[in-house]
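Dear colleague,

I am passing a structure on to you with this message, and I would be grateful if you could look through it alongside the notes below.

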Amino acid sequence: MLRSMPKIQKLPSHEAQKIAAGEVVERPSNVVKELVENSIDAGATHITISIENGGKDRIQVIDNGHGMSPEDAILCFEHHATSKISSVNDIPSIVTFGFRGEALSSISSVSHVTLLTKEALAPHGTCVKLEGGIVQSSEPVSCQDGTDITIESLFYNVPARHKFLKKKDTEWRQITLLFQAFCLDYPTIHFKLLHDHKMVYSCPATTTITQRLAQLYDTALTEKVVALNLHNEKQNLIINGVISTHAYYRYDRSSIFFFVNKRWVKNQGLAKALLKGYLNVLPQGRFPAAFIMISIDPESLDVNIHPRKEDVLFLNPRTIELHLQQEVTKLLTTIAPQKNSSASLFAQPIAANERHRLSPLPFSAAPFAAQPSYKPFDFTPFEPARLPNTPQRFTPSDTAATQTEPEPKIFAVVATQTTINTQSIPLFSVIGQFNTTYIMLEQDGGLVLVDQHAAHERILYEQIGAQLTTVETVPLLFPIYIALPQEEIITLTPYISLLTSHGITIEPFDERHVIITTTPVYLKQIDFAELLRHLLGLITEHASLEQDQLFKLLNEKMQAQIACKAAIKAGDTLTVQAMEELIKNLYTTNNNFCCPHGRPTSWFIATTDIEKKFKRDYQKKKREDSFL
Ligand code: ADP
Ligand code: MG
């Protein structure tokens, strides 16, 4: 069938504008970025950002900058309307964020806009309303000095883009990261951030980045950072900032920020160099917090490689990366507690130490010293009634101060499975414990080595899975307080039911703390703060998944994590009886050949193989031969 050749048509300018808008604005956080940059360019010292539904419904930015005249209040929405340059020749000398005059025209073409703006000396301000880039009204109003701009119904007229907006939480997360970046980059500006009418951050002007960190993050981080200062005159390079020490880690990269010549950038090379600097300091899969400001000759930098200027290209990236990596390593080495012990350099989750107690303080050293010793490993069924007296609310750092007998670290995690079907269990006899890590058994004409942690982990994993609906819980006499940054509490809130289903009752206490009031009976010495941080890391990492997929994944991961935390560890001394119980439990557990992470639980060495090693088979063969 013949089809006539489509004719070339010039797109109506508003359609072309909508397409171009996609370059500048892909998601709500891009809008926030453009608006806040305009406020900074306007010399504002107070900037308030108010977000609704992750920015999908409404974004409002209020500043006390120089405002606009009634004419400019309309002009600013036109394509290539800017007050920042008058010719291309000005570009190299600009000091402001914007200059292309594209942001407001692009944003307004795909949303509903309300602009209120007033210059300081003007008798009145102006209110302009636009829909899809078309001015609906413009009138004089009385309003505050500065600019107050509201973007509603983003992408209402571009269904394809609207469909690709992420979940509220995901968009909100991007906005908080951006907000943190602005706060760190401009400590002298008072920033506020509200979400769904609730104040999430209020950060009054400060002079130092450390004060800024204290406003944005909890003390778990701020007490564990060191300053980084490097000035290389030859290369005209200055690297300033703060980085977390070996004593802190996160499960994601969300606290790593780079600023190059005052612009927040996401630069892979810099991130890699930073992490290389932490090599052997943080365990695998853990990330530091780092806030790094790089100042470099603008000539050795290309800032136009990204349509939204989110990355930069260095003329000599390797030199800068090497400088950064070496400086980080140098800093961490000088502050490391024991340089000769690499193990001691590994991080402790710091939020764990952030547990606050209800006042009046329920604990003193005395009841703790009276702690029953579970030595050797105690497999007796757990008595929930005993829980309020047990010291499981104390973190390792608490115990270090009071505990006189630190080794071995033994605690009562119970295999709650009491009725073991002994018929299905092969005959075995425990030989002993090797290296306080492996249980040695004689069985089926061979020697079996069982990894005590992997085995217990699998047993608990299966039990937790099976008991999910009827998990036995114990109320805590003294709730566990955990400090978390506000945005993390918000991120966590929709997933609280997940924790509840695992027997952990958790609720927001105030803006910076959550409390745990009930725990499952099988969780005794678990570090809840670390568990929450792990969960938060997973939520961020898998934010793009569909809700039910994410829940399923988190559920499995939580189950594995709890099993891992609650299981006996390598290094725990076990009695013969405890070993027997563990092995019996293992043999009646599903999937008992490996732990939930896929490591084998046991290893069988046939007697014949042992004989071969001792050349006994050779002797035997010789004897047999001699009969021939
Ligand atoms: P650009 O920032 O690249 O100039 P924009 O589209 O972001 O382009 O803004 C257009 C113009 O509108 C700016 O050049 C500035 O004159 C004016 N403007 C925008 N936001 C503000 C604000 N918050 N305060 C004062 N003027 C503003
Ligand atoms: Mg701008």
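What follows is an account of the sheet, the helices against it, one aromatic pair and the cavities.

Please bear in mind throughout that this is a predicted model.

I begin with the sheet, which is open and has eight strands in the order S5-S4-S3-S6-S2-S1-S7-S8, with mixed pairing. Strand S5 (134–141) and strand S8 (198–203) stand at its edges, and because each has a single partner strand, one side of each is left without a neighbour in the sheet. From one strand to the next, the twist averages 10°. At the S8 edge, strand S7 (residues 190–195) pairs with S8 in the antiparallel sense over five bridges, and within this pairing Phe-191 has Cys-203 in S8 as its bridge partner.

Two helices that lie across strands of this sheet deserve a look. Helix H2 (residues 28–41) lies across strand S1 (46–52), strand S2 (58–63), strand S6 (146–152) and S7, and runs at about 10° to S2. Helix H6 (residues 168–185), for its part, lies across S1, S7 and S8, and its direction is at about 170° to that of S7.

Turning to the aromatic residues, the structure holds 12 aromatic pairs, and I single out one of them here. The ring centres of Tyr-217 and Phe-291 are 5.6 Å apart and the ring planes stand at 50°, an angle between the limits of 30 degrees for stacked and 60 for edge-to-face, so the pair counts as tilted. Since Tyr-217 lies in the loop between helix H7 (209–216) and helix H8 (219–222), while Phe-291 belongs to strand S13 (residues 290–296), the pair ties together parts that are 74 residues apart in sequence.

Finally, there is the enclosed space. How many cavities of 30 Å³ or more are there? The count comes to six, and the second largest cavity holds about 90 Å³ of space. Its lining consists of Arg-173, Arg-250, Tyr-251, Asp-252, Glu-488, Thr-491, Arg-533, Leu-536, Gly-537 and Thr-540. By character, these lining residues divide into five charged, three polar and two nonpolar. Helix H14 (486–492) and helix H16 (528–541) each supply at least two residues of that lining, and the largest share, four residues, comes from H16.

With best regards

Note on methods
Residues numbered from 1 in each chain as written. Chains lettered and ligands numbered in written order. Predicted model: local features only at pLDDT ≥ 70, side-chain atom pairs only at ≥ 80, totals over all residues. Heavy atoms only, no water. 1 Å grid on protein atoms, 1.4 Å probe; cavity = no way out; pocket = protein on both sides within 12 Å on 5 of 7 lines; lining within 4 Å. Points joined across faces, edges and corners; volume = space filled by probe spheres on them. Nonpolar A, V, L, I, M, F, W, Y, C, P; charged D, E, K, R; others polar. Pairing = 2+ DSSP bridges. Axes fitted to C-alpha atoms, helices over the stretch in contact; angles between N-to-C directions. Contact = heavy atoms within 4.5 Å. Phe/Tyr/Trp six-rings, centres within 6.5 Å; stacked < 30°, edge-to-face > 60°.
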